[in-house]
Amino acid sequence: MNTTITTILSVIAGGIITYLIAKWQMKKNRIDHYFINSYDIGKGLTDMFPEFKLHYGNEVLSNNVRVLQGGFMNTGRNDIGEDDKQTFFSLILPEGCCVKAVQLSPLVNGLCVNSNINENEKNKIVFSVDGLFKSDECFDYSAIIEVPDNIGDLENSLCFDHRILNTERISNVFIGQTKRKDRRRAKWISIILIVVAVIVLIWFYYRIKKEFSCIDYVLGSSYLVSLVLCIIWQYGGKKGHINDVLSSLAHK
């Protein structure tokens with residue numbers, strides 16, 4: 001009985017590992033957007049102070065002005081683009097939004113990135129990277145946006161577009177204003193989870209040699225799978241990878 005269950009578990013584990021390795025080797029290019037923060041400027045102040053006005057240059061802005069902060073990272077294994085060519089991708093805000101200005105901050109030396117506000121679609125920001133966009137390279141941006149009254153949380157309203165060959169769609173990952181010490185704490189939590197998983201594996205192997213009921217197998221396997229999922233979510237997911245790269249860049 002024990003031998004049969006052990007064989008089944010080994011076959012399942014081997015199949016999962018083979019699938020993950022194949023998927024990792026065939027992984028397409030990937031660019032991800034990370035959302036940092038969004039906050040209002042002067043909202044409601046014109047009702048309290050009629051003479052209060054927001055200006056950008058010589059232009060008077062509406063009451064609902066918001067700052068959007070985020071960034072883009074090449075989270076894939078492959079470099080994207082070619083030397084002496086530009087790679088374009090767009091951030092699209094909800095209809096009715098109007099982008100007034102964008103400020104860029106490349107986080108690695110040698111990364112040349114530009115932005116352009118679409119003249120016909122004021123709710124679109126077109127980003128371009130000159131030359132190669134290398135793996136784990138990234139840049140931050142801050143944008144001033146006029147927002148209609150019916151727009152709530154921008155985090156869940158962002159869309160993205162690109163026509164980059166062999167590249168998956170751009171996804172939005174919320175990281176927030178994570179401090180460096182919080183990133184280190186998350187990394188230590190991941191290490192602790194890995195250690196616990198190793199201890200469970202050793203216990204599992206030791207118990208196999210003795211009397212072990214089906215219930216023990218089910219409980220032990222469920223616990224181990226839960227630990228693995230926690231590790232993947234905390235340490236191996238997009239958010240964990242992005243935070244890890246940003247943390248390493250902050251130390252340089």
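**Exercise 1. A surface patch**

Which residues form a nonpolar patch on the surface, and what is their accessible area together?

*Solution.* The model is a predicted one.
Step 1: name the members. They are Trp188, Ile191, Val195 and Ile199.
Step 2: give the area. Together these residues have about 410 Å² of accessible area.
Step 3: place one member. Ile199 is found in helix 3, residues 180-208.
Step 4: classify Ile199. Its relative accessible area is 51%. Exposed means over 50%, so Ile199 is exposed.

**Exercise 2. Arg30**

Determine where Arg30 sits, whether Arg30 is buried or exposed, and what Arg30 contacts.

*Solution.*
Step 1: locate the residue. Arg30 lies in the loop between helix 1 (2-25) and strand 1 (31-41).
Step 2: check the accessibility. The relative accessible area of Arg30 is 13%. The limit for buried is under 20%, so Arg30 is buried.
Step 3: list the contacts, leaving aside neighbours within four places in sequence. Arg30 is in contact with Met73, Asn74, Thr75, Gly76, Ile80, Thr167, Glu168, Arg169, Ser171 and Lys238.

**Exercise 3. The four-stranded sheet**

Give the strand order of the open sheet formed by four strands, then its edges, its twist and one pairing in detail.

*Solution.*
Step 1: read the order. It is 7-8-5-10, with antiparallel pairing.
Step 2: find the edges. Strand 7 (112-117) and strand 10 (159-162) each pair on one side only.
Step 3: take the twist. Neighbouring strands are turned by 25 degrees against each other on average, direction ignored.
Step 4: examine a pair. Strand 5 (residues 86-92) meets strand 10 over four bridges, in the antiparallel sense.
Step 5: pick out one position. Ile92 stands opposite Cys159 in strand 10.

**Exercise 4. The five-stranded sheet and its helix**

Work out the order of the open sheet of five strands, and say which strands helix 5 touches.

*Solution.*
Step 1: read the order. It is 6-9-4-1-11, and the pairing is mixed.
Step 2: find the edges. These are strand 6 (98-106) and strand 11 (171-174), each pairing on one side only.
Step 3: take the twist. From one strand to the next it averages 30 degrees.
Step 4: examine a pair. Strand 1 and strand 4 (residues 65-74) are antiparallel, over 10 bridges. Ile41 has Val65 in strand 4 as its bridge partner.
Step 5: add the helix. Helix 5 (residues 238-250) packs on the sheet and touches strand 1, strand 4, strand 9 (138-146) and strand 11. The direction of helix 5 makes about 65 degrees with that of strand 11.

Technical notes
Residues are numbered from 1 along each chain as its sequence is written. This is a predicted model: local features need pLDDT of at least 70, side-chain atom pairs count only at pLDDT 80 or more; totals for chains, interfaces and linings use all residues. Side-chain values use heavy atoms; hydrogens and water are left out. Two strands pair if DSSP finds at least two bridges between them. Helices (H or I, at least four residues) and strands (E, at least two) are DSSP runs, numbered from the N terminus. Axes are lines fitted to C-alpha atoms, for helices over the stretch in contact, and angles run from 0 to 180 degrees between N-to-C directions. Buried means under 20% relative accessible area, exposed over 50%, partly exposed in between (1.4 Å probe, protein chains only). Contact means heavy atoms within 4.5 Å. Patches are made of residues with over 30% relative accessible area and no salt bridge: like charges are joined within 9 Å, nonpolar side chains (Val, Leu, Ile, Met, Phe, Trp, Tyr) within 5 Å. Accessible areas come from the Shrake-Rupley method with a 1.4 Å probe; for residues, only the protein chains shown count as cover. A salt bridge is a side-chain nitrogen of Lys or Arg within 4 Å of a carboxyl oxygen of Asp or Glu.
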